[in-house]
Amino acid sequence: MKTFVYSAHAYDRPFLEQAARKRHQLVFTEEKLTLATAHYAAGFDVIAVFTADDCSAPVLDKLYMQGVRYIALRSAGYDHIDLHRAAELGIRVAHVREYSPYSIAEHAVAMLMMLNRKLLDAQLLMEVQDFRLDTLTGFDIHGKTVGIIGTGKIGLAFARIMVGFGATMLACDPVQHQEASALGVQYVSLEELLRRSDIVSLHCPLNETTRYLLSAKQFEWMKDNSILINTSRGAIVHTKDLIKALEDKKIGGACLDVYEREKGLFFEDHRNTVIQDEDFLKLRSMKNVLFTGHQAFLTREALTGIAEITIQNLDYWQLGYKSPYELHVNESFRGSAIKPKVEDSGSITVRSI
Ligand code: NAD
């Protein structure tokens, strides 16, 4: 079966080819899916896309007109696709519900340690043979209170690492997970979590209830000098309010793997462009902000998992079966002003944007 693969990069293409094992013919482009590139998929009924791809209603309309009937998302998150429009068009969509949660949890910890122990500064000082320690003091994670927002697969993996550090753990999640409680995680309200935590790590999906979950009021609640980690989705944090909280020295720092306006920025080479996004430039210039460009998933294990489930989703489509990772819109909400529930075929029920 032929599949057109958007946003295929040197880091994930070999994993996809390996997983396809010649059962599927994959045609790759490095380019993102946009209204302007949708025509590349003409002649394909199946495409595979990543988080930077634009799967908004106008793009889906164009893809449908060209014959696309199935979209395999190479990601767990599906906030970048208009599932309601896809359902209206009859385009079926599957995602990668699960792949190494350790990749993202470990990256969150790596960022925290790098910022806290000032490893970037230490490396720069080492390079110029300045061996003074005056600017490099950090703090122990041991004994600190860590707040985890979202205790699903990644939040739980993060909690397990924090157990090893000897941290006290708080969490908020509309669903209380037994495994988290068994680790000693105490479920509290968002306000209590923010007021008590020295470190706050976001591990919930972006949807209509979590957009700007952390805005001015929540930054006010946050403990003075606390650190925020966001490896989830940029728009869960109100960027301008985060900048203000940092400028006012309300919070002590931020580790950001995602950014509200990362589309068109991350995953691309911008060495020869003048970046115009003032908020991004401001955040990047702050000594107490550490940025990575949406790379938390970037381990061999995660890439193998993503590729294998993506190819499994293609197998299901080819054989005429419904993938267990298919996403669908609750039919009873169609045409209603209320946003319908979006479910995957498994047991987890979440709300879409
Ligand atoms: P998951 O579905 O296993 O867990 C998400 C948890 O968040 C669930 O327990 C859910 O109940 C909870 N939640 C939902 N709304 C909430 C709210 N308002 N407040 C608190 N908790 C809430 O998902 P996961 O696999 O752990 O992934 C979490 C997120 O991580 C994804 O949605 C995605 O946005 C992000 N992610 C980022 C990367 C990266 O490379 N940076 C990679 C994969 C996933």
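This report covers the ligand site, a pocket, an aromatic pair and one aspartate in a predicted model.

## Ligand shell

The ligand is surrounded by 24 residues. Those that come nearest are K153, I154, D173, H177 and T231. By class, the shell holds eleven nonpolar, nine polar and four charged residues.

## Backbone atoms at the ligand

Three residues place polar backbone atoms by oxygen atoms of the ligand. For I154, the distance from a polar backbone atom to a ligand oxygen is 2.8 Å. I154 is also among the residues that come nearest the ligand. For F297, a polar backbone atom is 3.2 Å from an oxygen of the ligand. For G152, a backbone N or O atom lies 3.5 Å from a ligand oxygen.

How much of the ligand's accessible area does the protein cover? On its own, the ligand has 870 Å² of accessible area, and the protein covers 89% of that.

## The second largest pocket

The second largest pocket holds about 760 Å³ of space. Its lining counts 32 residues. L115, G252, K287, N288 and V289 lie nearest the centre of this pocket.

Four elements each give two or more residues to the lining: α4 (101-116), α5 (119-127), α11 (278-285) and β12 (289-291). Which element gives the largest share? That is α5, with four residues. By class, the lining of this pocket divides into 15 nonpolar, eight polar and nine charged residues.

## Aromatic pairs

The model has twelve aromatic pairs. One of them joins F50 and F297. A pair of rings is described by the distance of the centres and the angle of the planes. For F50 and F297, the centres are 5.3 Å apart and the planes meet at 55°, so the pair counts as tilted, the class for angles from 30 to 60 degrees.

Why does this pair tie together parts far apart in sequence? F50 sits in the loop between β3 (46-49) and α2 (57-66), while F297 sits in the loop between β12 and α12 (300-319), so the pair links parts that are 247 residues apart in sequence. F297 appears at the ligand too, through its polar backbone atom 3.2 Å from a ligand oxygen.

## D79 and its contact

D79 belongs to the loop between β4 (70-73) and α3 (83-89). Which side chain does the side chain of D79 contact? The partner is R233, in a polar contact of 3.0 Å.

The C-alpha atoms of D79 and P174 are separated by 19 Å. Along the chain, D79 and P174 are 95 residues apart.

Note on methods: Residues numbered from 1 in each chain as written. Predicted model: local features only at pLDDT ≥ 70, side-chain atom pairs only at ≥ 80, totals over all residues. Heavy atoms only, no water. Near = heavy atom within 4 Å. Polar contact = N/O pair within 3.5 Å; in protein donor to acceptor, adjacent residues only side chain to side chain. Areas by Shrake-Rupley, 256 points an atom, 1.4 Å probe, with all protein chains shown as cover. Nonpolar A, V, L, I, M, F, W, Y, C, P; charged D, E, K, R; others polar. 1 Å grid on protein atoms, 1.4 Å probe; cavity = no way out; pocket = protein on both sides within 12 Å on 5 of 7 lines; lining within 4 Å. Points joined across faces, edges and corners; volume = space filled by probe spheres on them. Phe/Tyr/Trp six-rings, centres within 6.5 Å; stacked < 30°, edge-to-face > 60°.
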